[in-house]
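Hi,

Here is the structure I promised to pass on. Have a look at it first, and my notes follow underneath.

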Amino acid sequence: PETADNKSVEWSVSDTSVASISSKGIIKAAEVSEKRTVTVTATAKDGSDISASYEIEVYPLVEQVRILKDGQVLENKADLTIDLASETNSIQLTAENYPADSLQKMTWKSSAKRVADVDEFGLITGLREGKAVITATTLDGTRKVISFNVNVSNLVKEVMISGNSSVAAEQKLKLSAIVLPEDASDKKLTWESSDDTIARVNKNNGEVTARKVD
């Protein structure tokens, strides 16, 4: 009770190959190759033999971190895009640490929370146009870090081409395009021809030059 004459306890562990404990109750985990459980016991020193036990899980250290999106492994510093105009303006990332028994928890951080925020489970939510770096860091003390570049924007949904559909050999015509939606973040286009031997097109401005044909 609170009025016990001697409140000192003696600490012990069930397996010193898994963890050790000091006289002050400070536990030091040993290096393990798989997850292990050790029982810590505090026994009263007043001769009453009263004790209490507590289980501690000891994990192997993380050797490798893999981050997945839709089941696919992402490279470190990969580029991700969030479309603000989509039904779901978010990306779910999942961490897999190896060995499999190592601690799977990560801390997630965004360099620009007003552009793209990330929760403790790796769900990235786009909030407004811009760029952010999302970083995941292991929590087991190894501090292995993996990061991703996130571009938040309104993506193009439709391109409509207008202009003449016929041209004489060795003549030119200019095509134009309407890009939708109006508030698309990047309306730049790259033009290309399916057959340069019949007609070439300027990749920047849509100007078509017809070739001489038999």
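**What I found**

Asp49 is exposed, with a relative accessible area of 62%. Bear in mind as you read that this is a predicted model. Asp49 sits in the loop between β4 (36–44) and β5 (51–58), and its phi is positive, about 65°, although the residue is not a glycine.

Arg143 has a similar story to tell. Its phi is near 55°, again a positive value in a residue other than glycine. You'll find Arg143 in the loop between β13 and β14, and it counts as exposed because its relative accessible area is 61%, where the cut-off for exposed is over 50%.

That β13–β14 loop also holds Asp140, which you may want to look at for its charge. Asp140 is buried yet has no salt bridge: the nearest side chain of opposite charge is Lys144, 8.0 Å away. A salt bridge would need a side-chain nitrogen of Lys or Arg within 4 Å of a carboxyl oxygen of Asp or Glu. What does the side chain of Asp140 make a polar contact with? One partner is the side chain of Thr142, at 2.5 Å. On the backbone side, the nitrogen of Val62 lies 2.7 Å from a polar atom of the Asp140 side chain. Leaving out neighbours within four places in sequence, Asp140 is in contact with Pro60, Leu61, Val62 and Leu103.

Now the sheets. One is an open sheet of five strands with antiparallel pairing, in the order β7-β6-β9-β12-β11. Its edges are β7 (72–73) and β11 (116–118); each has a single partner strand, so one side of each is left without a neighbour in the sheet. β6 (residues 64–69) is joined to β7 by two bridges, running antiparallel, and Leu68 has Val73 in β7 as its bridge partner.

Ile67 is in strand β6 too, and it counts as buried because its relative accessibility is 0%. Apart from neighbours within four places in sequence, its contacts include Val73, Leu93, Trp108, Ala136 and Phe148. If you'd like a distance to check your viewer against, Ile67 and Gly47 are 20 residues apart in sequence but 53 Å apart in space, C-alpha to C-alpha.

Trp108, one of those contacts of Ile67, belongs to the covered face of strand β10 (residues 106–110), along with Met106 and Ser110. Thr107 and Lys109 make up the uncovered face of β10. This strand pairs with β13 (residues 130–138) in the antiparallel sense over five bridges, and Met106 stands opposite Thr138 there.

Two more residues in strands: Ser153 is in β14 (residues 145–153) and is buried, with a relative accessible area of 7%. Not counting residues up to four places away in sequence, Ser153 touches Thr81, Ile82, Asp83, Leu84, Glu129 and Ser185. Ala29, in β3 (residues 27–29), is partly exposed at 48% relative accessibility. Its contacts beyond four places in sequence are Val18, Ala19 and Val58.

Last, the cis peptides, in case you plan to check omega values. Tyr98 and Pro99 are joined by a cis bond with omega about 5°, and Pro99 is in the loop between β9 (90–98) and β10. The bond from Leu180 to Pro181 is cis as well, with omega near 5°; Pro181 lies in the loop between β17 (176–180) and β18 (199–201).

Cheers

Terms used. Residues are numbered from 1 along each chain as its sequence is written. This is a predicted model: local features need pLDDT of at least 70, side-chain atom pairs count only at pLDDT 80 or more; totals for chains, interfaces and linings use all residues. Side-chain values use heavy atoms; hydrogens and water are left out. Two strands pair if DSSP finds at least two bridges between them. Helices (H or I, at least four residues) and strands (E, at least two) are DSSP runs, numbered from the N terminus. Buried means under 20% relative accessible area, exposed over 50%, partly exposed in between (1.4 Å probe, protein chains only). Contact means heavy atoms within 4.5 Å. Lys and Arg count as positive and Asp and Glu as negative; His and the chain ends are not counted. A polar contact is a pair of N or O atoms within 3.5 Å; within protein, one must be able to donate a hydrogen and the other to accept it, and residues adjacent in sequence count only if both atoms are side-chain atoms.
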